[in-house]
Amino acid sequence: MNNNEIIPQYDVVKQNYTPQEKAILKEIRENLVDRAMNTNENFQTDENNLLREINNFLITKENIPQDYRDTLSKKLVRDITGYGQIDPLIQDDELEEIMIIGTNKPVFVYHRKYGMMKTNINFTDAQEVMDLIDSIARQINRRIDQESPILDGRLIDGSRINATIPPVSADGPSLTIRKFKRDPLTIIDLINSKTISIELAAFFWLCFDGLGVKSANAIISGGTSSGKTTTLNALSAFINPKERIITIEDTLELQIPHEHVIRMETRPPNVENKGELTMNDLVKNSLRQRPDRIIVGEVRAEEAITLFTALNTGHSGFGTLHSNSARETITRLTTEPMSVPKIMIQAIDFIIMQNRIYTPSGVSYRRISEVVEVVGMESETIQLNKIFSWNPETDKIENVGVSSQTLTRIAEISGKSLNDLYGEIENRKLVLQHMINQEIRSVEDVNHVIELYYKNPRKVLNRILLY
Ligand SMILES: Nc1ncnc2c1ncn2[C@@H]1O[C@H](COP(=O)(O)OP(=O)(O)O)[C@@H](O)[C@H]1O
Ligand SMILES: [Mg+2]
């Protein structure tokens, strides 16, 4: 085995329970939690009630000294309402993913800086993992059992979880948590980490705004976890604050900083198999809400046609799509189950390819690898025009030298010359560079500067030039 392949260790300070305390915890889970929960009509654990019940329960136990009872009750409540052993992992914003792969195997995490790591947490009892999964299911008002052994959902903090139990997962229960980043990556972070170049960012800013006359749309494509949603989220900061935005997702992930946003989330069918609201239902409905821009979290099925109908009737849009190349994006869009008629595909301005590159050390990085324009159709074949391309040797996103059709169209509609537009892109580059220099990077701060620029570009530029 090569040294590079050794998986680094991630240690947490563990909550230690004595065997007696462990037994108590088990008993409480079996007897008390349901009761404490049912008293609350929202099916949410009522923590104060639970604390009281646990305290009363501990009184019935003999060798627990009174002064320790309070501390222990609190610890137990935290265990039951929190995430038990993995709670410290949940609290760490530097972790991207938490993976429980069975019993007697370490819990793995994927660290934003160090890549895949092994933790010192090791579940020895399948029931313990089951309890954890159950308590998560309960938190989100869902259930997992023999009949429906897969649970896919979103925690209250926005993290996505997927749990499986036997018989689906042969080696016992598994749990994967894709953590929600509390402090999301912004366009400035993505420039700093070279996911996007400042030139490309400034170019997109101009195109997505379209100088207020023709705002461009885009599909962000890439593999699983390549950073599609993150890039979409960061780019959405460029949307003109005047736009009315509607976002539609299966699980709420997007954090669009704008004021005028309506967020929609799909709903799975209930136990009687009724009440389902699909992505397509919501996209269709959004068209009646007079949006300027529709953002579809992940385009997968029939909602694609509805989205493209919207794009073809003058709305702007953003969406992510799972695919490995621009050509494949087109193929996936035009075949089952999306089946968008080719003629409608021409409404896309950009396909942005997002790539995750793995290194032997296990650390990965993300790059926008290509920006492609859809320029038309020639005898049944959709014509693509690559305008930016990432060069792995230099690690730079290069302007391929082909002129952008989108830019030309914005020039035509706005009555400006291409040179005017290039000048405007340079100005916006200055604004982005200013934020980089001043370490302005949070969602709020970046949004604030962009809004100021929309309100009064001259004033912002003059101020920047004084620095
Ligand atoms: N450019 C990036 N640099 C660093 N981390 C990133 C970047 N893009 C995404 N991530 C992280 O990778 C994980 C998956 O990203 P996400 O955007 O949800 O991927 P996708 O939508 O392609 O599945 C998240 O934890 C996110 O914070
Ligand atoms: Mg995504």
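Which residue in β7 does Ile100 stand opposite? In this predicted model, Ile100 stands opposite Leu175 in β7, and that pair offers a way into the sheet to which both strands belong. Strand β2 (residues 95-100) is joined to strand β7 (residues 174-178) by 4 bridges, and the two run antiparallel. Leu175 also has a bridge partner in Ala163, which belongs to the pairing of strand β6 (residues 160-164) with β7, antiparallel over 5 bridges. Strand β2 is likewise joined to strand β3 (residues 106-111), again by 4 bridges and in the antiparallel sense, with Met99 standing opposite Phe108 in β3. The hairpin of β2 and β3 has 5 residues between the strands, and in it Gly102 takes a positive phi near 140 degrees.

These pairings are part of an open sheet of 7 strands, whose order is β1-β4-β3-β2-β7-β6-β5 and whose pairing is mixed. Because β1 (9-10) and β5 (150-154) each have a single partner strand, they stand at the edges, and one side of each is left without a neighbour in the sheet. In general terms, strands of a sheet pair through backbone hydrogen bonds, either parallel or antiparallel.

A second set of pairings involves β13 (350-358), which pairs with β8 (218-222) in the parallel sense over 5 bridges; here Ser221 has Met353 of β13 as its bridge partner. On the other hand, β13 and β14 (364-378) run antiparallel and are joined by 9 bridges, with Ile351 partnered by Val372 in β14. Between the strands of this hairpin there are 5 residues, and Gly362 takes a positive phi near 95 degrees.

Ile351 also leads into the interior, since it is among the residues that touch the most other members of the largest nonpolar core, a set of 73 residues; the others named in this group are Ile187, Leu200, Ala201, Phe204, Ile248 and Leu307. Helix α7 (residues 198-209) contributes the largest share of this core, 9 residues. Leu200, not counting residues up to four places away in sequence, touches Ile368, Val371, Phe388 and Ile397. Apart from this core lies another, of 22 residues, among them Ile121, Ile161, Ala163 and Ile165.

Helix α8 (residues 228-235) connects the description of the interior with that of the ligand, for this helix supplies the largest share of the shell around ligand 1, 3 residues. The shell holds 16 residues, the closest being Thr195, Gly227, Lys228, Thr229 and Thr230, and by class it comprises 2 nonpolar, 10 polar and 4 charged residues. Helix α8 itself is mostly covered, with 8 of its 8 residues buried; these include Lys228, Thr229 and Thr230. The buried residues of α8 pack against α6 (187-192), α7, β8, β12 (316-322), β13 and β14.

Helix α9 (residues 279-287) can be read in terms of its sides, as its buried residues are Met279, Leu282, Val283 and Ser286. They cover an arc of only 100 degrees around the axis, which puts them on the same side of α9. The spacing follows a general rule: an α-helix has 3.6 residues a turn, so residues three or four places apart point the same way. The elements against which the buried residues of α9 pack are β9 (245-249), β10 (261-265), β11 (293-296) and α10 (303-312).

Terms used:
Residues are numbered from 1 along each chain as its sequence is written. Chains are lettered from A and ligands numbered from 1 in the order in which they are written. This is a predicted model: local features need pLDDT of at least 70, side-chain atom pairs count only at pLDDT 80 or more; totals for chains, interfaces and linings use all residues. A residue is near a molecule or strand if its C-beta atom, placed from the backbone, lies within 6 Å of it. Ala, Val, Leu, Ile, Met, Phe, Trp, Tyr, Cys and Pro count as nonpolar, Asp, Glu, Lys and Arg as charged, and the others, Gly among them, as polar. A residue is buried if 20 or more other C-beta atoms lie within 10 Å of its own, exposed if 12 or fewer, and partly exposed in between; C-beta atoms are placed from the backbone. The arc is that of the directions from the helix axis to the C-beta atoms. Two residues are in contact if their C-beta atoms, placed from the backbone, lie within 7 Å. A nonpolar core is a set of buried Ala, Val, Leu, Ile, Met, Phe, Trp, Tyr and Cys residues joined through C-beta atoms within 7 Å. Two strands pair if DSSP finds at least two bridges between them.
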